[in-house]
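Trainee: I have a new structure open and would like to practise reasoning from values to labels. Could we go through it together?

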Amino acid sequence: MNKVFLIGRLTRDPELRYTGSNTAVASFSLAVNRNFTNQSGEREADFINIVVWRKQAENVKNYLSQGSQVAIDGRIQTRSYDDNEGKKRYITEVVADNVEFLGTKSSNGGNQTSQDSSAEPTPYDFGKEAEPKGTDVDSNPFADFGSNIEISDDELPF
């Protein structure tokens, strides 16, 4: 089985190209935080190349930019080619089957491409609320949902 699930932030704006048969393909790099800290107590990240095809590639180009947070599921692919010197080069990347738009980087210093504040919001306009600078894997995602729920084996019907 070859299945990958990632949550991270784009390290650069997506690049959109078209194949000879006019099929859209977008590529970008995703920074994914590790679940642990290094010896200095700092959290490191892995930088993973992502490839997206067809309509989803066009959506990625139109609605995502550097700093946007996404969830991706897909598969790992390895391919090779011969460089200009005849040396074989290998590339490992994730081919995304699905890209979920989770949010945009709110403090991008005005680097967002020509967004008119008077324009109608798109379905992918996540507003101007402050977001964390990275994925905090130590936080409880259910902390704001109220009190604890107790479940015991006695209540199960089987």
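Mentor: Gladly! This is a predicted model, and the chain averages a pLDDT of 78, with 66% of the residues scoring at least 70.

Trainee: What makes residues 107–135 a stretch to treat with care?

Mentor: Over residues 107–135 pLDDT stays under 50, and the model has 25 contacts there beyond four places in sequence. Where pLDDT is low, the predicted coordinates should not be read in detail. I would leave those contacts aside and turn to the strands.

Trainee: Fine. How do you know that strand 3 and strand 4 pair?

Mentor: Two strands count as paired if there are at least two bridges between them. Strand 3 and strand 4 have 10 bridges, in the antiparallel sense, so they pass that cut-off. One of the bridges sets Phe28 against Ile50 in strand 4. The two strands form a hairpin with 5 residues between them, where Gly41 has a positive phi near 85°.

Trainee: And what makes strand 1 and strand 3 a pair?

Mentor: The cut-off is at least two bridges, and strand 1 and strand 3 have 2, running antiparallel. That meets the requirement, so they are called paired. Arg9 stands opposite Ala31 in strand 3. Strand 1 is also joined to strand 5, by 6 bridges and again antiparallel, with Ile7 opposite Ala71.

Trainee: Which other hairpins are there besides that of strand 3 and strand 4?

Mentor: Strand 2, residues 15–18, pairs antiparallel with strand 3 over 4 bridges, and Arg17 faces Val25. The hairpin they form has 5 residues between the strands, and Asn22 in the turn takes a positive phi of about 65°. Strand 5 and strand 6 form a hairpin too, with 5 residues in between and a positive phi of about 80° at Gly86. Their antiparallel pairing runs over 14 bridges, and Gln77 has Glu93 in strand 6 as its bridge partner.

Trainee: Let's look inside. Which residues have the most contacts within the largest nonpolar core?

Mentor: That core has 19 residues, and those with the most contacts inside it are Phe28, Leu30, Ile50, Val52, Val70, Ile72 and Val99. Two or more residues each come from strand 1 (4–10), strand 3 (24–37), strand 4 (43–53), helix 1 (54–63), strand 5 (69–82) and strand 6 (88–103). Strand 3 gives the most, with 5 residues. As a general point, nonpolar side chains tend to be buried together in soluble globular proteins.

Trainee: What does Ile50 touch, leaving out residues up to four places away in sequence?

Mentor: Ile50 touches Leu6, Ala26, Ser27, Phe28, Leu30, Ile72, Val94 and Ala96.

Trainee: Now the charges. Why is the contact of Arg34 with Asp46 called a salt bridge?

Mentor: The side-chain nitrogen must lie within 4 Å of a carboxyl oxygen. For Arg34 and Asp46 the N to O distance is 2.7 Å, so the pair qualifies. Arg34 is in strand 3 and Asp46 in strand 4, so the salt bridge ties together parts 12 residues apart in sequence. Arg34 also meets Glu44 in a salt bridge, at 2.9 Å; Glu44 lies in strand 4, 10 residues from Arg34.

Trainee: Is Arg34 buried, partly exposed or exposed?

Mentor: Buried means under 20% relative accessible area and exposed means over 50%. Arg34 has 26%, so it falls in between and counts as partly exposed. Glu44 is partly exposed at 32%, and Asp46 is partly exposed at 32%.

Trainee: Then why is Asp83 called buried?

Mentor: Asp83 has a relative accessible area of 17%, and the label buried applies under 20%, so it fits. Asp83 forms a salt bridge with Arg89 at 3.0 Å, N to O, while Arg89 is partly exposed at 34%.

Trainee: How many salt bridges are found in the whole structure, and what network links Lys3?

Mentor: The search finds 9 salt bridges, and Lys3 is linked with Asp73 and Asp97 in a network of them. Asp97 lies in strand 6 and is partly exposed, at 41%. Asp97 and Lys3 are 94 residues apart in sequence, yet 9.9 Å apart in space, C-alpha to C-alpha. Asp97 touches Lys3, Gln56, Asp73 and Gly74, leaving out residues up to four places away in sequence.

Notes. Residues numbered from 1 in each chain as written. Heavy atoms only, no water. Core = buried A, V, L, I, M, F, W, Y, C linked by side-chain atoms within 4.5 Å. Buried < 20%, exposed > 50% of the residue type's maximum accessible area, 1.4 Å probe, protein only. Contact = heavy atoms within 4.5 Å. pLDDT = per-residue confidence, 0-100.
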